[in-house]
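Please go through this structure with the sequence at hand. The text below takes it part by part.

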Amino acid sequence: MAASGSGGSRADNGYSSQQQQPPRRRKGPGALATAYLVIYNVVMTAGWLVIAVGLVRAYLAKGSYHSLYYSIEKPLKFFQTGALLEILHCALGIVPSSVVLTAFQVMSRVFLTWAVTHSVKEVQTEDSVLLFVVAWTITEIIRYSFYTFSLLNHLPYLIKWARYTLFIILYPMGVSGELLTIYAALPFVRQSGLYSISLPNKYNFSFDYYTFLILVMISYIPIFPQLYFHMLHQRRKVLSHTEEHKKSE
């Protein structure tokens with residue numbers, strides 16, 4: 001549960017498969033499923049735009065970037081949790097992506113939103129929270145816009161370029177914010193015993209949430225480079241194909 005794709009690791013969600021691999025045309029979702037997916041992605045785009053506007057308004061009102069989390073806490077929780085539907089989309093087959101991979105990436109963000117930032121109130125004022133929130137917000141506005149226009153078969157090059165370029169900065173930025181936030185939560189988790197289960201108990205089971213968070217942080221080490229270099233590979237493939245297509249015209 002790590003490296004949650006702050007800069008767009010969910011690159012191959014199936015919506016744009018026909019554009020990325022022209023020789024191997026994959027049957028897309030039916031008309032009803034397509035209409036639903038368009039509505040879902042429009043709503044999610046709008047939701048993350050609300051978060052972006054909320055951040056800007058709060059910053060202009062306060063004149064400071066500190067503690068901006070409180071200004072967007074509710075919509076952030078709502079729309080990040082709404083991403084759980086993406087797992088269902090994969091399970092139902094209306095989006096041709098791996099259920100396991102999608103679940104892993106979505107749940108890691110939901111975990112950070114609820115099990116860390118929401119549960120450990122003391123970290124909500126940390127600048128690291130703003131770091132990953134800004135990265136997530138920009139990423140998701142671009143990602144859901146990308147999916148929407150792909151479903152409509154009218155994808156502007158600017159959105160495609162942003163989808164496969166801005167992650168170069170946003171992904172490390174988001175991962176840094178996530179790691180720093182988990183790290184900031186550690187002393188409070190240890191002191192309070194949050195979510196930990198001690199022996200003895202009738203189930204003869206123990207769980208140390210503090211240790212679990214440390215393991216989550218360690219898991220970023222192998223996962224982050226793999227996802228990052230995968231996106232770099234996708235960028236070269238997708239954008240080079242677009243350039244070749246333009247030249248052929």
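What follows covers the nonpolar cores, one helix, the salt bridges and the backbone of some loops.

The model is a predicted one. A good place to start is the interior. The largest nonpolar core has 55 residues, and those that touch the most other members are W48, L76, V116, I182, V189, Y209 and L213. Six helices, α2, α3, α5, α6, α8 and α9, each give two or more residues to this core. The most comes from α9, which supplies 11 residues.

I182 shows the surroundings of one of these core residues. Apart from its neighbours within four places in sequence, I182 is in contact with L112, V116, L213, V216, M217 and Y220. A second core, separate from the one just described, has six residues, among them V38, I94, V95 and L151.

The approach of α2 to another part of the chain can be followed from A52. This residue is found in helix α2. The C-alpha atoms of A52 and W136 are separated by 10.0 Å, while the two residues are 84 residues apart along the chain. With neighbours within four places in sequence left aside, A52 is in contact with T137 and I141.

Helix α4 comes next. It spans residues 85-92, and its buried residues are E86, I87, H89 and C90. Where do these buried residues fall when seen down the axis of α4? They fall within an arc of 155°, and therefore line one face of the helix. A91 and L92 are exposed on the other side of α4. The buried residues of α4 pack against three helices: α2 (31-62), α5 (99-118) and α6. Just after α4 comes G93, with a positive phi of about 85°.

E86, one of the buried residues of α4, also leads to the salt bridges. Side chains of opposite charge can pair when their charged atoms come close. The structure holds four salt bridges. In one of them R143 pairs with E86, with the closest N and O atoms 3.1 Å apart. R143 lies in helix α6 and E86 in helix α4, so this salt bridge ties together parts that are 57 residues apart in sequence. Both of these residues are buried.

Another salt bridge joins the side chains of E140 and R109, at 3.2 Å from N to O. This pair, too, links distant parts of the chain, since E140 is in helix α6 and R109 is in helix α5, 31 residues apart. E140 and R109 are both buried. The two pairs are not isolated from each other: E86, R109, E140 and R143 are linked in a network of salt bridges.

The salt bridge between E73 and K77 has its closest N and O atoms 2.7 Å apart. How many residues apart are E73 and K77 in helix α3? They are four residues apart in this helix, which covers residues 69-82, and so are separated by about one helical turn. Are the two side chains' residues buried or exposed? E73 has a relative accessibility of 17% and so counts as buried. K77, at 11% relative accessibility, counts as buried as well. The cut-off behind both statements is a relative accessible area under 20%.

The loops hold some backbone values to look at. Most residues other than glycine have a negative phi, and most peptide bonds are trans. In the loop between α6 (127-151) and α7 (157-163) lies N153. Its phi is near 55°, a positive value in a residue other than glycine. N153 is exposed, with a relative accessible area of 61%.

The loop between α8 and α9 contains N204. For N204, phi is near 55°, again positive in a residue other than glycine. N204 is exposed, its relative accessible area being 63%. P200 also lies in the loop between α8 (167-192) and α9 (209-248). Which kind of peptide bond joins L199 and P200? The bond is cis, with omega about 0°.

Conventions: Residues are numbered from 1 along each chain as its sequence is written. This is a predicted model: local features need pLDDT of at least 70, side-chain atom pairs count only at pLDDT 80 or more; totals for chains, interfaces and linings use all residues. Side-chain values use heavy atoms; hydrogens and water are left out. Buried means under 20% relative accessible area, exposed over 50%, partly exposed in between (1.4 Å probe, protein chains only). The arc is that of the directions from the helix axis to the C-beta atoms. Contact means heavy atoms within 4.5 Å. A nonpolar core is a set of buried Ala, Val, Leu, Ile, Met, Phe, Trp, Tyr and Cys residues joined through side-chain atoms within 4.5 Å.
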